[in-house]
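Me: I'd like to learn how to read a structure feature by feature. Could you walk me through one?

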Amino acid sequence: MAYVIGASCVDIMDRSCVEECPVDCIYEGERKLYINPAECIDCGACETACPEQAITVDRLAEATFRDDNRRFFEEPLPGRTTPLGTPGGAGGLGPVGVDTPLVNAR
Ligand code: SF4
Ligand code: SF4
């Protein structure tokens, strides 16, 4: 289980969730943020911090965005040849600056 960021984050990206995450597993695309399901410890701190109610636990999340959050890490992003994988911390990696095809199409 992991938490999932949904559609209401697109073009908002105020990063309130990032500041609350104890394991730094919320990564920044170009227009949306994504939670790494392999790194999230399911603490729920980000869910209450989000002013857009964009974050839900995965069993309640819209399936499209649950799968899309996973794809951000497990499949090569547009313009890349390898997947992001599990970088071990968003702060060290910095903004990824790319979104999934689903988010690009919105
Ligand atoms: S549930 Fe906790 S660990 Fe997972 S992304 Fe949110 S703040 Fe980070
Ligand atoms: S707090 Fe919500 S709207 Fe703000 S960046 Fe995080 S998920 Fe997106």
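Reply: Sure. Let's start with a single loop residue: Gln53 sits in the loop between helix H2 (45-49) and S4. Keep in mind that this is a predicted model.

Me: What is the phi of Gln53, and is the residue buried or exposed?

Reply: First the general idea: most residues other than glycine have a negative phi. Here Gln53 goes the other way, with a positive phi near 50°. Gln53 is exposed, at 62% relative accessible area.

Me: Where does Met13 lie, and what is its phi?

Reply: Met13 lies in the loop between S1 and H1. Its phi is near 45°, again a positive value in a residue that isn't glycine. Met13 counts as buried because its relative accessible area is 18%, and the cut-off for buried is under 20%.

Me: Val10 is found in the loop between S1 and H1 too. Which residues does Val10 touch, leaving out those up to four places away in sequence?

Reply: With those sequence neighbours set aside, Val10 touches Arg31, Lys32, Val103 and Arg106. Val10 is buried, with a relative accessible area of 14%. For a distance to go with that, take Pro78: it is 68 residues from Val10 along the chain, and their C-alpha atoms are separated by 17 Å.

Me: Okay, on to the nonpolar core. How many residues are in the largest one, and which of them touch the most other members?

Reply: The background is that in soluble globular proteins, nonpolar side chains tend to be buried together. In this model the largest nonpolar core has 32 residues, and the ones touching the most other members are Ile5, Ile26, Leu33, Ile35, Ile55 and Phe72. As for where the core comes from, S1, H1, S2, strand S3 (33-35), strand S4 (55-57) and H3 each supply at least two of its residues.

Me: Let me zoom in on Ile55. What does it touch beyond residues up to four places away in sequence?

Reply: Ile55 touches Tyr3, Val4, Ile5, Cys17, Ile35, Cys46, Glu47 and Cys50. Two names on that list, Ile5 and Ile35, also appear among the core residues that touch the most other members.

Me: Now the charged side chains. How many salt bridges are there?

Reply: The count comes to six. Let's take some of them in turn, starting with Glu28 and Arg15, whose closest N and O atoms are 2.2 Å apart. This pair links distant parts of the chain: Glu28 is in strand S2 (residues 26-28), while Arg15 is in the loop between strand S1 (3-5) and helix H1 (16-20), 13 residues apart.

Me: Are those two partners buried or exposed?

Reply: Glu28 is buried, at 18% relative accessible area. Arg15 counts as partly exposed, at 35%.

Me: What about Arg71 and Asp68, how far apart are they in helix H3?

Reply: They are three residues apart in helix H3 (residues 63-74), which means about one helical turn separates them. Their side chains meet in a salt bridge, 3.8 Å from N to O. Asp68 is buried, with a relative accessible area of 1%, whereas Arg71 counts as partly exposed at 31%.

Me: Which residues does the salt-bridge network with Arg71 join?

Reply: Shared partners join Asp68, Arg71 and Glu75 into one network. The Glu75 to Arg71 bridge is 4.0 Å from N to O, and Glu75 is partly exposed, at 36% relative accessible area.

Me: Last feature: how many cavities does a search of the whole structure find?

Reply: There are two cavities of 30 Å³ or more. The largest holds about 90 Å³ of space. Its lining has 15 residues, and the closest to its centre are Cys9, Asp14, Cys17, Cys50 and Ala54. By class, that lining divides into 10 nonpolar, two polar and three charged residues.

Me: And which residues lie nearest the centre of the second largest cavity?

Reply: Cys21, Cys25, Cys40, Cys43 and Cys46 do, out of 14 lining residues. About 70 Å³ of space lies in this cavity. The lining comprises 12 nonpolar residues, one polar and one charged.

Methods:
Residues are numbered from 1 along each chain as its sequence is written. Chains are lettered from A and ligands numbered from 1 in the order in which they are written. This is a predicted model: local features need pLDDT of at least 70, side-chain atom pairs count only at pLDDT 80 or more; totals for chains, interfaces and linings use all residues. Side-chain values use heavy atoms; hydrogens and water are left out. On a 1 Å grid over the protein atoms alone, a cavity is a set of points where a 1.4 Å probe fits but cannot get out, and a pocket is an open set with protein on both sides within 12 Å along at least five of seven lines; lining residues have an atom within 4 Å of a point. Grid points are joined across faces, edges and corners, and a volume is the space filled by probe spheres set on the points. Ala, Val, Leu, Ile, Met, Phe, Trp, Tyr, Cys and Pro count as nonpolar, Asp, Glu, Lys and Arg as charged, and the others, Gly among them, as polar. Helices (H or I, at least four residues) and strands (E, at least two) are DSSP runs, numbered from the N terminus. Buried means under 20% relative accessible area, exposed over 50%, partly exposed in between (1.4 Å probe, protein chains only). A nonpolar core is a set of buried Ala, Val, Leu, Ile, Met, Phe, Trp, Tyr and Cys residues joined through side-chain atoms within 4.5 Å. Contact means heavy atoms within 4.5 Å.
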